[in-house]
Amino acid sequence: LAQAQVCSCGLGRKQTLIVMALTKEEDVQMMLVCKTHLGTRNCDYRMKRYVFRRTTDGIHIMHLGKTWEKLMVAARIIVAIENPNDIIVASQRPYGSRAVLKFGQYTGANAMAGRWTPGTLTNQITTKYLEPRLLMVTDPRTDNQALKEAAYASIPVIALCDTDSPLEHVDVAIPCNNKGKESIALLYWLLAR
């Protein structure tokens, strides 16, 4: 997005679209290298629309074009929030912890790696009580406590979802491999730039 905005200053609409197409192509190539397209053997019925095909050994392959489009939607939502401190990025998954902390460091968002303290979004008496405008989670299955509290507090949620992820209380699902550390790191890097 940043490259396209910089290039669009002196160029016409056609050149801007070409630059966007090149960035999309490069991003999709990086996603392939990081195995972002690999899903699981199981597939949730709400995630079927993001599945490209299934391999002979039963692993679902995700459509990287749809992953990139959802990433751009999520990036626009994140940019729309004026104060980056109003964004909470949570991950209970060990591989997601470093990516979440780096994302928080470079964007100014609140990073919550490790165990989610129950009542962070709902219990006003606690010292850790927060009122964010957006919640991002690495895995809807492991971060289900955060999702539940965000639903109570009417906070929009962006989640990195694998083919077997439950989509209850998720507003923007980014279809990807949320089990591999390279994949998680690449997606948070793409969102942070």
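Two strands count as paired here if DSSP finds at least two bridges between them. On that basis, the predicted model has an open sheet built from 5 strands, lined up in the order S4-S3-S5-S6-S7, with parallel pairing. At the edges sit strand S4 (110-113) and strand S7 (172-175), each of which pairs on one side only. Ignoring direction, neighbouring strands of this sheet are turned by 15° against each other on average.

Zooming in on one pair, strand S5 (residues 134-137) and strand S6 (residues 157-161) run parallel and are joined by 3 bridges. Within this pair, Leu 135 of the one strand stands opposite Val 157 in S6.

Now for the helices that lie across these strands. Helix H3 (residues 64-80) lies across strand S3 (87-91) as well as S5, S6 and S7. Its direction makes an angle of about 140° with S7. Helix H5 (residues 144-152) lies across S5 and S6, and runs at about 160° to S5.

H5 deserves a second look. Its buried residues are Ala 146, Leu 147, Glu 149 and Ala 150. Viewed down the axis of H5, these buried residues fall within an arc of 165°, so they line one face of the helix. As for what they meet, the buried residues of H5 pack against S5 and S6, the pair of strands joined by 3 bridges. After H5 comes Ser 154, with a positive phi near 55°.

Conventions. Residues numbered from 1 in each chain as written. Predicted model: local features only at pLDDT ≥ 70, side-chain atom pairs only at ≥ 80, totals over all residues. Heavy atoms only, no water. Helix = DSSP H or I, 4+ residues; strand = E, 2+ residues; numbered from the N terminus. Axes fitted to C-alpha atoms, helices over the stretch in contact; angles between N-to-C directions. Contact = heavy atoms within 4.5 Å. Buried < 20%, exposed > 50% of the residue type's maximum accessible area, 1.4 Å probe, protein only. Arc of directions from axis to C-beta.
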